[in-house]
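The following exercises concern cysteines, a helix, a surface patch and charged pairs. Please work through each task before reading its solution.

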Amino acid sequence: MPATRAKLSQAYPIGSRLDEDGRLQLGGCDAVELAREFGTPAYVVVEEDLRARAQTFVEAFRARTQDFDVLFASKAFPCTAVYRVLAQEGIACDVASGGELALALRGGFDPGRIYMHGNAKSEGELRFAREAGVGHIVIDNADEIARLEAIVGGGTPQPVLLRVTPDVRGRTNDKISTGQADSKFGFSLADAPAAIARLRDSTALDLVGLHMHIGSQITTAEP
């Protein structure tokens, strides 16, 4: 089969193709020339592809509701250039460390549209998130409630989400399944009601919702 007729996998950036010489073209750039200039291995990110995929998610939700937000998961690629492109596309951002938060802010994300995650946030990271004006902090454990309350003090209440483990195992590798009962993340179904009650009584924290995550690389909808 001629190389120009080979069909590329959908894993490649939108618009990728093989030219008449069978050389891969990414965002209008020859992959062989990129390798010569930057060496290998190298990550090549196509800006047009990033923007198109972000808007595909936004448009899919907007077709059904106006009450939604699409978040970029920083752990996928914590790179200021990528943050900048996605911030320009008007989506929100998920960070799970002080480093990711610093990069997201430097990349241009509105702090009010950043969600701070993580099951081992330090006091310094919580304070950084608060001082930066992070829109939502996801509470992962009871100790975090107390520490964040102390940081907020008598200031404007901090909007928070409570991470709850739903006792649902995602159909994926055990190392990246996070929703089962023995997960190290979040509150169990048994402990969540007490945590919710505590947050509702708090004058420093404003409980606005629950957060759940059952794993990564899940390819079926049933879980």
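**Basis of the exercises**

The model is a predicted one, in which local features need pLDDT of at least 70, side-chain atom pairs count only at pLDDT 80 or more, and totals for chains, interfaces and linings use all residues. Residues are numbered from 1 along each chain as its sequence is written, and side-chain values use heavy atoms, with hydrogens and water left out.

**Exercise 1. Determine how exposed C29 is, and how many disulfides the structure holds.**

Step 1. C29 is partly exposed, because its relative accessibility is 35%; the classes are buried (under 20% relative accessible area), exposed (over 50%) and partly exposed (in between), with a 1.4 Å probe and protein chains only.

Step 2. C79 has a relative accessible area of 23% and is therefore partly exposed.

Step 3. A disulfide is a covalent bond between the sulfur atoms of two cysteines. The criterion applied here is a pair of cysteine sulfur atoms within 2.5 Å.

Step 4. For C29, the closest cysteine sulfur is that of C79, and the separation of 16 Å is too far for a bond. For C79, the closest cysteine sulfur belongs to C93 at 12 Å, again too far for a bond.

Step 5. The search of the whole structure accordingly returns zero disulfides.

**Exercise 2. Identify the buried residues of helix α3 and state what covers them.**

Step 1. Helix α3 spans residues 80-88; helices (H or I, at least four residues) and strands (E, at least two) are DSSP runs, numbered from the N terminus.

Step 2. The buried residues in α3 are V82, Y83, V85, L86 and A87.

Step 3. Their cover includes two helices, α2 (47-62) and α4 (98-106), together with the strands β4 (71-73) and β5 (92-95).

Step 4. A54 lies in helix α2 and is buried, with a relative accessible area of 7%. Leaving aside residues up to four places away in sequence, A54 touches L86 and E89, contact meaning heavy atoms within 4.5 Å.

Step 5. Just after α3, G90 adopts a positive phi of about 85 degrees.

**Exercise 3. Describe the nonpolar surface patch that contains V45.**

Step 1. V45 is located in the loop between α1 (31-38) and α2, and its relative accessible area of 41% makes V45 partly exposed.

Step 2. The patch consists of Y43, V45 and F77, which together have about 360 Å² of accessible area. Patch members have over 30% relative accessible area and no salt bridge; nonpolar side chains (Val, Leu, Ile, Met, Phe, Trp, Tyr) are joined within 5 Å, and like charges within 9 Å. Areas come from the Shrake-Rupley method with a 1.4 Å probe, and for residues only the protein chains shown count as cover.

**Exercise 4. Compare the salt bridges of E33, D49 and D69.**

Step 1. A salt bridge requires a side-chain nitrogen of Lys or Arg within 4 Å of a carboxyl oxygen of Asp or Glu. The count by this rule is eleven.

Step 2. E33 pairs with R36 at 2.6 Å between the closest N and O atoms. Both residues lie in helix α1, three residues apart, about one turn of the helix. E33 is partly exposed at 37%, whereas R36 is exposed at 61%.

Step 3. D49 and R53 meet at 2.8 Å, N to O, and are four residues apart in helix α2. D49 is buried at 10%, while R53 is partly exposed at 36%.

Step 4. D69 and R113 meet at 2.5 Å, N to O. This pair links distant parts of the chain, 44 residues apart: D69 is in the loop between α2 and β4, and R113 is in the loop between α4 and β6 (114-116).
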